[in-house]
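Student: Could you show me how to read strands and sheets in a structure? I would like to go step by step.

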Amino acid sequence: MHAEHLSQPLTTLEHRDEFIGRHIGPDEHAMGAMLASIGTASLATLIAETVPAAIRLQRPLDLPGPLPEHAALAALKAIAAKNLVKKSLIGQGYYGTFTPPVILRNLFENPGWYTAYTPYQAEIAQGRLEALLNYQQMVVDLSGLEIANASLLDEATAAAEAMTMARRIAKTKGNVFFVDEAAFPQTIDVIKTRAAYFGFELVFGKPDAAAQRDDVFGALLQYPNARGEIADLTTTIAAIKGRGGVVAVASDLMALVLLKSPGAMGADIALGSSQRFGVPMGFGGPHAAFFATREAHVRSMPGRIIGVSKDARGKTAYRMALQTREQHIRREKANSNICTSQVLLANMAGMYAVWHGPEGLRRIAGRIHRLAALLAGALGVSGRCFFDSFELRVGAGEAANYIKAASDAGYNLRRVDDSTIAISVDETTTREDVAALLKIFGGSAKSGTPIEALDAARPCAIPASLLRREAILGHPVFNTHHTEHGMLRYLRRLQNRDLALDHAMIPLGSCTMKLNAAAEMIPVSWPEFAQMHPFAPLDQAQGYVELITGLEDQLKAITGFDAVCMQPNSGAQGEYTGLVAIRRYQDASGQGSRNVCLIPKSAHGTNPATAQMCGLEVVAVACDDSGNVDVEDLKAKAAQHAAKLSCLMITYPSTHGVFEESIRDICAIVHAHGGQVYMDGANLNAQVGLCRPADIGADVSHINLHKTFAIPHGGGGPGMGPIGLKAHLAPYMANHAVQTVPGPHGGQHAVSAAPWGSASILPISWMYITMMGGSGLTRATEIAILNANYVAAKLKDHYPVLYTGSQGRVAHECILDVRAIKAATGVAEIDIAKRLMDYGFHAPTVSFPVAGTLMVEPTESEDKAELDRFCAAMIAIRDEIRQIENDQWTLDASPLKQAPHTEADFIGEWTRPYSREQAVFPLPWVAENKFWPYVNRIDDVYGDRNLFCGCAPSP
């Protein structure tokens, strides 16, 4: 047996496809058993029974073969080496920062934090919910407002959200949104995109000008502004509000450690980026945008909000509050299409504040300001008020020469015009950097002066009237964990309260919680990727250019599209970017009156929410009894609205987890009536290598890199939602005002703050595709379909599978129908979800896309043993339900209604009709890897009726 390998060819021994078997769960033996259980002869037969022949890709993907982990890492390291990382003092919302190593290693690089999902199942997410409350409290303290959300995608989109929120709450009926002319240019760019389809008129000027107008429903003011200037906005804000307008202030958390807060000035909304609180620049992201407002406006605030409630024992517990499922419930009437946030990055920023505490933050902010003031003073800049940034006049036409000299010395500065340069000091700036810059600008006269001498006068450019008066971060959490042991153990304590992929499968339908391999994650922390400023000269970012171009080519081969836009930094942003491209194309073609969007009733709630953001009228298309689009209803509505038909938004495979056989006819109907087809990419994991959206008939589709292409969900973000486009739409995809994106789309406004969105996580998808190769990606899709059909076959006799294709197969997910059980026993889908926690599993998706159901998506990464454990848990729960049906237990006294069970239940007095062992160790294998929910079932109604969204008071 040992000699067998000695006779094999070298190509076999090299095992270049090794990673495929590491990523995919079932081995060949397990696949055979699973196929037998399903009742089909082979994997090829199963795929033929599942995917319509008319759309099957008849050739392999045009991608190279797979690479093993070490080879892929070496190839990517060579690409990264082409990035030239200099100290970027460019500012404009992006700053050098130090990620505390204890946070880098134990949070950012920790799968216990980055592989979790959005905390819809709060009882098994108490750790990151507490961390997010820390973040919200930090934002509340620094902004001076009353309530904050759990983050938005970036500063520019947060400003755009503030604009639409202002329209919702403003007392005036005016249609003008005023924008500070000194707002960051990328923010202005995104606001221009967003305002166009709401029909808002934008006016730009100095802040005081807004106070003179009666038609302003809202204003965005920047503080500090793009020139670095700070000024007291109190009078201006009062004047705007006195005329019925709403004021949003875009600000900087580090500046607000020292400066008078927006809330103290009277602002209604404060927003900005939390990037400089320990999150690397990463060529633009991902970063968590902060967003705060007054409590009176909380129900109009976009995004997710974490609130304090109590569990069944009265213990303090945390949960997502208020608009948790807003898009599903309100659809086109939702406040926003945002259904996620930047949880991992928000937690990093919040923990940065926990680690440093108020004194540490004041010290850092004070050092930043001192060095900026020292530098400005030595360069002859006087009479200006600023925090960390200032503009410097140089000789006429001399800016380029100084910028080159600085670059040669290792520094990137910002060119304002031919005779003006801007400099932004940050946490990483040192006295040696100041000396080096003085040498560049001042020659020996200024560079020869010791820093101590320059510091003797304690230079300060913040007037006393703008200094913060109120205390910040007084809660004990910000004043306790300042030793590394203390912080390490606090992070671990929180991690232990959360169920992530490092513990068990997370079978959430429509979420694709697949493996996030360590080799894919490692490059994200490389300084060549992490420390690059998004507005650094592109000749310094050639590694990023090669990475992004390579990933675009990979995605084009996989999807069949002619072009890819990498700017959208979430799936919902991808939806928006795709519809914007359609609208721009139709406007340019003289078809601007096309404003009807057809959307099947089964669609994810972000689809109609996105459509309304693009100024489209949503017309719902019916589904038939099999869950498919009702083609006759589509035909009728396409004909009825032919003159105004803009597009169809459709998910494929359908949101019901089935490959609809009429998909090509559906696309053809829309095209025949002059519309475009937007394909939602939520279920692309069932297509890769088997069919391609562009071949099917889609004109544009978003691609969830955080689902199909292995970027982790981070507990609720980050994500990336690039779009693929046909050639006719490519000229209309997003560009960028600051850093032009190469391509045919010059002059188009942006949708995100950074040119390539959250660029620093793109290496994850590049690594995944490179290690899998075309053959591995195709096999992954086949196994995702196998796993879903295996689960459906195992559970169909216990829970009806709601929808299947014409040959009885599901795609990559299946919907289990609980409605009859609920009608007979009162046991609801949420009870099953909570009971699964006692078995050590996260629940499937609850009541989406059909109320009273559970949607299961196992992904290709789960092996047969894990699938069997999950199915055994579901079957055991069904047996428990039969105990209620047989009157052995009452509903309220059953383990389903009492779930989840905690250690306090196990050790406390026991009077229940089922045993302690049945409660917490319901199957023999549960005890081997027991996950203890930290709290009992949470009272959602109490949390909303007693809304509190900051750090809970200490007991």
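**Reading the sheets**

Tutor: Gladly! One open sheet has 3 strands in the order β11-β14-β13, with antiparallel pairing. A strand here is a DSSP run (E, at least two residues), and a helix is one too (H or I, at least four residues), numbered from the N terminus. Two strands pair if DSSP finds at least two bridges between them. This is a predicted model, where local features need pLDDT of at least 70, side-chain atom pairs count only at pLDDT 80 or more, and totals for chains, interfaces and linings use all residues. Residues are numbered from 1 along each chain as its sequence is written, and side-chain values use heavy atoms, leaving out hydrogens and water.

Student: Which are the edge strands of this sheet?

Tutor: They are β11 (389-393) and β13 (414-417), each pairing on one side only. From β13 to β14 (residues 420-424), which run antiparallel, there are 3 bridges. One bridge partner to find is I421 in β14, which goes with R415.

Student: What is the order of the sheet of 7 strands?

Tutor: That open sheet reads β15-β21-β20-β19-β18-β16-β17, with mixed pairing. Its edge strands are β15 (563-565) and β17 (617-621). For angles, axes are lines fitted to C-alpha atoms, for helices over the stretch in contact, and values run from 0 to 180 degrees between N-to-C directions. Neighbouring strands of this sheet are turned by 25° against each other on average, direction ignored.

Student: Which strands does helix α25 touch?

Tutor: Contact means heavy atoms within 4.5 Å. Helix α25 (residues 606-613) touches β16 (596-600), β17, β18 (645-651) and β19, and its direction makes about 175° with that of β16.
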